[in-house]
Amino acid sequence: MPATDVELVRGALDGAESAFHEIVLRYQRSIYGLIVRMVRDPARAEELAQDTFVKAFRALHTYDVQRKFSAWLLTIAHHVAIDELRKGSLKVQSLDETTDDGPQGREFADKASATPAAIVERAELAAALQTAIGHLRPEYREVVTLRYEQDLDYDEIADVTGLPMGTVKSSLHRARKELAEHLERLGWNTKIH
């Protein structure tokens, strides 16, 4: 049975390098995913993800075991990315160019249970959705990523971003509306039957 996050944190605090290594393996994709969505530069996002883990390691003793570890770690990643954005030194790159390690490498459903036509349609929708997400304002992109890719609830998103709950909810609502409008412009039917 795999160790819990709290067990890994305690092991890392006791000096077990393997425990922190396991934390990195467990969360590197989600940390990178959040940061690349925010800074929109895959190479810089890799560096910032590494910075996040260094900062997390140094602050591990401050982690409150009553909190969800992933939310604590994503809060650090959020701050690292915000600091980078404030510097204003990033070049903007389309997420459409992201490789298999990035957002377009994900699949939305189990291929084994789908017809070839359904697989193609899902892939086209996934690409359209990634394009639509790339057009969102940075703060909307972030809350969408935290909610739908990181599966955080509203309270956790508020903790990570430092935004009030009402702002989180309204940002998600506006982001979903903008995504639907963008997908409709591309010819996708976003109405639920």
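How do H6 and H7 lie to each other: parallel, perpendicular or oblique? They are oblique to each other, and we'll get to the angle behind that word below. First, a heads-up: what you're looking at is a predicted model. Its mean pLDDT is 81, and 84% of the residues reach 70 or more. The stretch to watch is residues 90-112, where the pLDDT is below 50. In the model, that stretch still has 36 contacts beyond near neighbours in sequence.

**Where H6 meets H7**

- Helix H6 covers residues 138-149 and helix H7 covers residues 154-161.
- Two packed helices are described by the angle between their axes and the distance between the axes.
- For this pair, the axes come within 10 Å and cross at roughly 135°.
- That angle falls outside the ranges for roughly parallel (under 35 degrees), roughly perpendicular (65 to 115) and roughly antiparallel (over 145), so H6 and H7 count as oblique.
- The crossing of H6 and H7 also has a hand, and it is right-handed.
- On the H6 side, the contact is made by Glu-142, Val-143, Leu-146 and Arg-147.
- On the H7 side, the residues making the contact are Tyr-154, Ile-157, Val-160 and Thr-161.

**Leu-8 and its neighbours**

- Leu-8 sits in helix H1, which runs over residues 5-13.
- Is Leu-8 buried or exposed? Leu-8 has 8% relative accessibility, so it counts as buried, the cut-off being under 20%.
- Leaving aside residues up to four places away in sequence, Leu-8 touches Ala-3, Ala-19, Glu-22, Ile-23 and Arg-26.
- Take Ala-19 from that group: it is 11 residues from Leu-8 along the chain, yet their C-alpha atoms are separated by 5.0 Å.

**Thr-52 in helix H3**

- Thr-52 belongs to helix H3, residues 42-59.
- Its relative accessible area is 0%, so Thr-52 is buried.
- Who touches Thr-52? Not counting residues up to four places away in sequence, the answer is Ile-31, Ile-35, Leu-73, Ile-76, Ala-77 and Val-80.

**Salt bridges**

- How many salt bridges does the structure hold? There are nine, and a few of them are worth finding on your screen.
- Arg-26 and Asp-5 meet through their side chains in a salt bridge, with 2.7 Å from N to O.
- This pair links distant parts of the chain, as Arg-26 is in helix H2 (residues 17-39) and Asp-5 is in helix H1, 21 residues apart.
- Asp-5 has a relative accessible area of 17%, so it is buried, whereas Arg-26 is partly exposed at 31% relative accessibility.
- Arg-86 and Asp-83 also form a salt bridge with their side chains, at 3.8 Å from N to O.
- Both Arg-86 and Asp-83 lie in helix H4 (residues 69-87), three residues apart, or about one turn of the helix.
- Arg-86 is exposed at 67% relative accessibility, and Asp-83 is partly exposed at 39%.
- Another bridge joins the side chains of Glu-139 and Arg-137, with an N to O distance of 2.3 Å.
- Both ends of that bridge are partly exposed: Glu-139 has 32% relative accessibility, and Arg-137 has a relative accessible area of 43%.
- If you like teamwork, look for Arg-44, Glu-47, Glu-84 and Lys-87, which are linked in a network of salt bridges.

**Two backbone oddities**

- Some background first: most residues other than glycine have a negative phi.
- Arg-40 isn't a glycine, but it has a positive phi of about 60°.
- You'll find Arg-40 in the loop between H2 and H3, and it counts as buried at 16% relative accessibility.
- Asp-151 has a positive phi of about 60° too, and it isn't a glycine either.
- Where is Asp-151 placed? Look in the loop between H6 and H7.
- Asp-151 is exposed, with a relative accessible area of 57%.

Conventions
Residues numbered from 1 in each chain as written. Predicted model: local features only at pLDDT ≥ 70, side-chain atom pairs only at ≥ 80, totals over all residues. Heavy atoms only, no water. Helix = DSSP H or I, 4+ residues; strand = E, 2+ residues; numbered from the N terminus. Buried < 20%, exposed > 50% of the residue type's maximum accessible area, 1.4 Å probe, protein only. Contact = heavy atoms within 4.5 Å. pLDDT = per-residue confidence, 0-100. Salt bridge = Lys/Arg side-chain N within 4 Å of Asp/Glu carboxyl O. Axes fitted to C-alpha atoms, helices over the stretch in contact; angles between N-to-C directions. Left-handed = near helix turned anticlockwise from the far one by under 90°.
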